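The following note sets out numbered points for a colleague who wishes to go through this structure. Confidence is taken up early, and the individual sheets and the chain contact follow.

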Amino acid sequence: MKRNYGRAYAAPEALWLTVFFAAPLAIIVVYSFCKRDLYGGVLPLFSLDAYRSLANPTLIAVAWRTLWVSFIATVITILIALPCGYSIARSGNQAMRLFLIIVPFWTNFIIRVYAWIAILGNEGFVNDVLRALGLTTDSVQFLYNQGAVILVLVYMYLPYAILPLFSTIDKFDFNLLEAARDLGATRMQALRKVLIPNIRGGIVTAVLFTFIPIFGAYAVPLLVGGKDSYMLGNVIADQVTKTRNWPLASSISMGVTVLTGIAAILYAVVSRRSSHPVVEESGIGPVSATAGIPSGGQA
Amino acid sequence: MKGSDVTVSGISKSFGAFKALKGVSLEIQKGEFFSLLGPSGCGKTTLLRVIAGFEEPDSGIVGIDGRDVSGLPPDKRRCNTVFQSYALFPHLTVFENVAFPLRLRRLPNRLVRELVVKHLSLVQLEAHADKKPSMLSGGQKQRVAIARALINEPSVLLLDEPLSALDAKLRQRMLVELDAIHDKVGITFIYVTHDQQEALSVSDRIAVMDQGNVLQIGSPQQIYENPASDFVARFIGETNLFMGMVISREGGFATVEAPGLGEILVEANGEAPIGARVSVAVRPEKIRIGTDSPGPHEELNVFRGLVEEPIYSGFQTKYLIHLPGGGAVTVFRQHANWSEGVPDIRWKDEVFLSWSARDSVVVESDARIVSSAAPAK
């Protein structure tokens, strides 16, 4: 009999997940049920204090804002990424265009955020141009508000949305668009009724790849945000480094994980279901699912 | 008669330096089963796409029912296409694929259901309404594509090599079915194919195309029996082409001196003056083969030769006969009465070939074809 080495081959991944995902998560779970120590760290005593503190109205307000900012940033990212992915998939030199999408990754994340400060800051490039054109005398305050946070978040996560969208659109049979036009669909109808349902898998991946990391954003709101753009990531960081309430930081983290987890599952289920048109009274039964649900990565 | 007439006049289309269509003009009648036949790259699919509205011609006009539709997008033309790749929507069931055009028009559910069921039964697919296209066989996919293209009740159905992905047996069956559907719906069919058998067996008329030009338009019989050029003669069926020079004319006949063969008597109506270089086409099945001399006859061409390659294929045998002068002739002999003891003709037998002058046709000699075909002989 042949031995099946399938499981053995998967061992490196299991190890990787254990060390970098399961173990840290376990530590956070344990910490969240502990009592806080005065100067950081935890006391090994069971307590629900950290979870009781979650009911704080300020914290809930920040949570709502985080959801809102993540939602808006994700929607904008997808709306920009869709035409980008489409045009790359249909262009003659895909390799070059994909390369250009990847280029920004050669620069450190934080440096790229600072680049935006150099562009939009009071003494930044845009303000210099505006002053030179005589449109303003003072500086325009672009930074340190929610708009700046959303702008930079969209910029940061755009490639993560473009790449999965590109790869599904690239596999799409463009003859189908012609068929749709032939059958009476306008250009927009063809895209909406034929392209979008057939690249659903890519859209789900792109949404998860942007929404989840943006929900946990920390550096961007810290560097380009203001009072109105403090997000859950910043609260957690403050609890760890300033207030030194590690159990609370852990319980908020748990909240973020659970929320994004629920959001991802809900979204995947809903989009899977709606990809099948319901045919009333025709006796046409439900059919097998097609949309492959990608595993969302936690950033 | 239902359907529309389609007029194509002076259509040219280039893709970069490649001229796909060079001023093509056609008139297709209402309800006609019209085929565009030619080798790949001849421009037939481009012409179909121009009629459908997918390609904007560089010049020329497409008219449907006398109305100029140039510039109209595909969704505004009363024609629908059956694509070579079927182009079924993979995310929709068979039912919803066929219903797609109706959903776009927001027809009430009851009417949609009625029309879809009607069209699915036209292609005998009622039982497969719930399936996804990926669960269907090639022939079934093809039928869905046909039902979907017909549900808008177009006045012209465009078919782009619809059977090319099917195996030979199935292709035959689908062809018969297509013909039946054409009879039933009665609209104009424009059928693109590179397969001359398909075109001959279902078309009312055929346009033979090559290199962006229409070479001949006619009924299958006209195209087959009276090819306009040696390209058409070669492309449609098998044929013997003899190059030669007209040496004499008498009545409706001309005598052509063909190197390697000798003198051939052909029927000719004015188009072959003495001294003209012409091609003579003779279909292999028109030539009688026998071990005895057929006897003298005024209008008969008779040659003697040696059997080189008998190829038996059941219903007939194909012989390659070498003539003393160096020429070669292909002959088909049907086995209609094998049992009656017709003398078997074998390899290296000496035989007599004969055909009526009326069965040999003078065709336009296309220099390009001649030069490209000459080394092969």
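1. Status of the model and confidence in chain A. The structure is a predicted model. Chain A has an average pLDDT of 87, and 90% of its residues reach at least 70. Residues 276-299 of chain A fall outside that picture, with a pLDDT below 50. In the model this stretch nevertheless has 43 contacts beyond near neighbours in sequence. Where pLDDT is low, the predicted coordinates should not be read in detail.

2. Make-up of chain A. The secondary structure of chain A consists of 14 helices and 2 strands. Chain A has 299 residues, of which 33% count as buried. Taking the contacts in chain A between residues at least 6 apart in sequence, 70% join residues at least 24 apart.

3. The contact between the chains. On the chain A side 24 residues are in contact with 28 residues of chain B. Two helices of chain A, α9 (175-182) and α10 (187-198), each supply at least two residues of the side that touches chain B. Helix α9(A) provides the largest share of that side, namely 6 residues. By residue class, the side of chain A that touches chain B comprises 10 nonpolar, 9 polar and 5 charged residues.

4. Domains of chain B. Chain B is divided into domain 1, residues 6-225, and domain 2, residues 239-376. The centres of domain 1 and domain 2 of chain B, taken over C-alpha atoms, are separated by 39 Å.

5. The four-stranded sheet of chain B. An open sheet of 4 strands in chain B has the order β2-β1-β4-β5, with antiparallel pairing. Strands β2 (18-28) and β5 (67-68) of chain B each have a single partner strand, so one side of each is left without a neighbour in the sheet. Between β1(B), residues 6-15, and β2(B) there are 8 bridges in the antiparallel sense. Within this pairing, Ser14(B) has Lys19(B) of β2(B) as its bridge partner. Helix α1 of chain B, residues 44-52, packs on the sheet and touches β1, β2 and β4 (59-64) of chain B. The direction of α1(B) makes about 115 degrees with that of β1(B).

6. The six-stranded sheet of chain B. This open sheet of 6 strands follows the order β6-β7-β8-β3-β9-β10 in chain B, and its pairing is mixed. At its edges are β6 (79-82) and β10 (213-218) of chain B, each of which pairs on one side only. From one strand to the next the twist averages 20 degrees. Strand β9(B), residues 205-210, pairs with β10(B) in the antiparallel sense over 5 bridges, and the bridge partner of Val208(B) in β10(B) is Gln216(B). Helix α4 of chain B, residues 138-150, packs on the sheet, where it touches β6 and β7 (156-160) of chain B. The angle between the directions of α4(B) and β6(B) is about 175 degrees.

7. Strand β16 of chain B and its partners. Strand β16(B), residues 300-312, pairs with β19(B), residues 350-356, over 7 bridges in the antiparallel sense. In this pair Val302(B) stands opposite Ser354(B). Strand β16(B) is also joined by 6 bridges to β17(B), residues 316-322, and the two run antiparallel. Here Tyr312(B) stands opposite Thr317(B). Strands β16(B) and β17(B) form a hairpin with 3 residues between them. In the turn, Gly314(B) has a positive phi of about 85 degrees.

Methods. Residues numbered from 1 in each chain as written. Chains lettered and ligands numbered in written order. Predicted model: local features only at pLDDT ≥ 70, side-chain atom pairs only at ≥ 80, totals over all residues. Pairing = 2+ DSSP bridges. Contact = placed C-beta atoms within 7 Å. Axes fitted to C-alpha atoms, helices over the stretch in contact; angles between N-to-C directions. Domains from an automatic or database assignment. pLDDT = per-residue confidence, 0-100. Nonpolar A, V, L, I, M, F, W, Y, C, P; charged D, E, K, R; others polar. Buried ≥ 20, exposed ≤ 12 C-beta atoms within 10 Å, placed from the backbone.
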